[in-house]
Amino acid sequence: MSSIKVSIAGLGTVGQGLLSLLVEDRRFTRQGIDFDIAGVSARNRSTKREPSIESYRWFDDPVELATDPETDIFVELIGGADGMAKAAVIAALEAGKPVVTANKALIAEHGPQLARLAEEKGVALKFEAAVAGGTPVVRGIRDGVAACTVKAVSGILNGTCNYILSTMAKDGRAFDDVLLEAQKLGYAEADPTFDVDGIDAAHKLVILACLAFDAAIPMSAVSCEGIRGITEGDVAAAKKLNMAIKLLAEAVLKDGKVALRVTPALVPEAHSFAKAMGSENVIIVDAEPLGRLGFNGPGAGAGATASAVAADLCDIARGSIGPVYAAKANLLGKLDYMSVDEIENPYFFRVLLKDEPGALAAVAEALAAQHISIESLRQPPSRKKGASVTIVTHPCRASAAKAVKQALAAHPFVEEAPSILPIVTP
Ligand SMILES: NC(=O)c1ccc[n+]([C@@H]2O[C@H](COP(=O)([O-])OP(=O)(O)OC[C@H]3O[C@@H](n4cnc5c(N)ncnc54)[C@H](OP(=O)(O)O)[C@@H]3O)[C@@H](O)[C@H]2O)c1
């Protein structure tokens with residue numbers, strides 16, 4: 001069998017993981033697929049890599065590698081929405097070379113435009129590893145539910161937030177303290193913005209939503225709130241309710257409109273979302289007439305992510321070209337968007353009140369003013385001055401919950417701005 005020559009730009013965690021997979025005697029050789037390395041590129045040639053890259057052709061410029069005549073398939077593992085990653089992917093597609101990438105930022109920001117180029121040129125553009133690492137959710141939505149109407153896609157998509165929130169719950173520690181430790185242990189980047197502010201989860205959500213709703217969805221359509229505002233008090237109060245706080249990403253279709261949000265939320269401990277620890281990702285797709293479909297698995301790591309990249313390479317080797325999304329790129333439409341304020345959930349309120357008569361009544365009044373009814377109210381004994389009250393409401397619109405938060409934040413009986421979080425019901 002003649003070999004397929006793969007070029008790899010980016011030799012970090014995933015690039016080295018992919019090299020290891022491709023040079024070992026793997027299952028794809030039994031499937032009659034033989035990969036060879038046409039060339040490699042990274043920033044610094046002298047960095048020691050595992051496996052060694054000494055025997056491979058080296059390119060300082062990923063664009064040159066992408067368009068090299070020896071390249072049959074170009075793999076982009078550099079990262080970043082723009083810059084060299086984008087330039088090299090465009091160059092490869094322009095030159096008629098199929099592309100595989102793990103780059104969620106690039107696909108979330110420019111996926112539909114790149115898909116149009118790939119389809120014009122009649123070549124594949126695949127990005128299974130860009131969402132949930134080794135878990136085949138891109139295929140699952142693109143191919144598995146191709147005949148269904150997707151009503152919602154929701155998931156736990158960021159391992160750094162999983163680590164921080166579960167450590168806060170386990171050890172009763174503050175966000176800043178756990179973040180610092182996560183950075184020291186290498187679980188969080190030196191600049192944690194993308195992870196803890198929800199941008200990484202929003203990138204993945206946009207990719208899944210484009211696949212699910214056959215639309216070109218801009219990042220600006222996602223309402224994005226991260227976990228910096230979560231306190232150890234919130235986490236402890238959630239735990240007392242047998243719930244965990246998680247960073248939830250969800251896209252919901254209602255009355256022909258889609259709302260997309262990334263938000264911290266409470267999840268019952270028995271729910272699969274609450275069980276996602278560390279780098280594990282969990283995604284639930286709700287589709288007609290299929291019902292609910294779950295995916296869970298490793299969302300990061302060299303071996304897991306490289307296996308998704310290699311699976312895309314196998315697909316291309318077997319002759320799969322596309323389409324890139326479930327719909328052809330020129331059929332990806334515009335969606336009607338619904339404000340996330342219209343999403344209904346039960347809500348968790350935690351509010352620190354002055355220890356004065358009438359304080360609790362003021363909270364009840366603020367909720368009643370927004371027609372929100374209370375399901376349960378707890379006021380555990382507190383060693384602090386004042387009373388920490390936890391309320392779970394019946395379902396209400398996000399806009400009503402926000403209005404209560406605003407009213408309470410300004411109320412003379414309230415010591416601190418209250419925490420409000422939606423509760424995900426199974
Ligand atoms: N890590 C994961 O678990 C994971 C999971 C899912 C998806 N992804 C995605 O996979 C991609 C790669 O992630 P990673 O974790 O492997 O990143 P990484 O460890 O930071 O590696 C990035 C690689 O790109 C090279 N590079 C950076 N700028 C370059 C430039 N201008 N020209 C040529 N090469 C350049 C670096 O070269 P040097 O080594 O010489 O510095 C390095 O080899 C990203 O898009 C990421 O979002 C990663």
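These are my notebook entries on a predicted model, taken domain by domain.

**Entry 1. Layout**

I began with the domain assignment, which divides the protein chain into domain 1 (4-130), domain 2 (137-298 + 332-340) and domain 3 (343-422). I noted that domain 2 is given as two segments, 137-298 and 332-340.

**Entry 2. The parallel sheet**

I looked up the strand order of the sheet with parallel pairing and found an open sheet of six strands, ordered 3-2-1-4-5-6. Strand 3 (58-59) and strand 6 (125-126) stand at its edges; each has a single partner strand, so one side of each is left without a neighbour in the sheet.

I then went through some of the pairings. Strand 1 (residues 4-9) runs parallel to strand 2 (residues 35-41), and six bridges join them. Within this pair I found I8 opposite V40 of strand 2. Helix 1 (residues 13-23) packs on the sheet and touches strand 1, strand 2 and strand 4 (73-76). I recorded about 160° between the direction of helix 1 and that of strand 1. Helix 4 (residues 83-94) also packs on the sheet, where it touches strand 4 and strand 5 (99-101). The direction of helix 4 makes about 165° with that of strand 4.

On its other pairing, strand 1 is joined to strand 4 by four bridges, again in the parallel sense. S7 stands opposite F74 in strand 4. Strand 4 pairs in turn with strand 5, parallel, over three bridges, and the bridge partner of E76 in strand 5 is T101.

Which way do the residues of strand 4 point? I73 and V75 point one way, F74 and E76 the other way, and all are buried. I marked E76 for being both buried and bridged to T101.

**Entry 3. The mixed sheet**

The next open sheet I looked up also has six strands, in the order 8-10-9-7-11-12, with mixed pairing. Its edges are strand 8 (222-224) and strand 12, each with a single partner strand, so each has one side left without a neighbour in the sheet. Neighbouring strands here are turned by 20° against each other on average, direction ignored.

Strand 8 pairs with strand 10 (residues 257-268) in the parallel sense, over three bridges. I found C224 opposite V262 of strand 10. Helix 10 packs on this sheet and touches strand 7, strand 8, strand 9 (243-254), strand 10 and strand 11. I noted about 35° between the direction of helix 10 and that of strand 9. Helix 11 (residues 232-240) packs on the sheet through strand 9 and strand 10, and its direction makes about 85° with that of strand 9.

**Entry 4. Helix 6 and C161**

How many of the eight residues of helix 6 (residues 137-144) are buried? I got six, and the helix is mostly covered. The buried residues are V137, V138, R139, G140, I141 and R142. Among the elements that cover them are strand 7 (149-156), strand 11 (280-288) and strand 12 (291-298), together with helix 10 (199-213) and helix 12 (302-317).

I also checked C161, which is found in helix 7 (residues 159-171). Its relative accessible area is 1%, so C161 is buried, the cut-off being under 20%. Leaving out residues up to four places away in sequence, C161 touches D195, V196, I227 and L247. As a reference distance I took C161 to V6: they are 155 residues apart along the chain, and their C-alpha atoms are separated by 34 Å.

**Entry 5. Domain 1 against domain 2**

I put the C-alpha centres of domain 1 and domain 2 at 28 Å apart. Nine residues of domain 1 are in contact with 13 residues of domain 2. Between them the two domains bury about 1,000 Å², with 65% of it on carbon and sulfur atoms. K104, A108 and E128 supply 49% of the area that domain 1 buries against domain 2, more than any other three residues.

For charged pairs, the rule finds two salt bridges across this interface. I also looked at R139 and E128, whose side chains meet in a salt bridge at 3.0 Å, N to O. R139 is one of the buried residues of helix 6.

**Entry 6. Strands 14 and 18**

I finished with strand 14 (residues 347-353) and strand 18, which run antiparallel and are joined by four bridges. F348 stands opposite L421 in strand 18. In strand 18 (residues 419-422), S419 and L421 point one way, I420 and P422 the other way, and all are buried.

Terms used
Residues numbered from 1 in each chain as written. Predicted model: local features only at pLDDT ≥ 70, side-chain atom pairs only at ≥ 80, totals over all residues. Heavy atoms only, no water. Pairing = 2+ DSSP bridges. Helix = DSSP H or I, 4+ residues; strand = E, 2+ residues; numbered from the N terminus. Contact = heavy atoms within 4.5 Å. Axes fitted to C-alpha atoms, helices over the stretch in contact; angles between N-to-C directions. Buried < 20%, exposed > 50% of the residue type's maximum accessible area, 1.4 Å probe, protein only. Domains from an automatic or database assignment. Buried area = accessible area lost by both parts, 1.4 Å probe. Salt bridge = Lys/Arg side-chain N within 4 Å of Asp/Glu carboxyl O.
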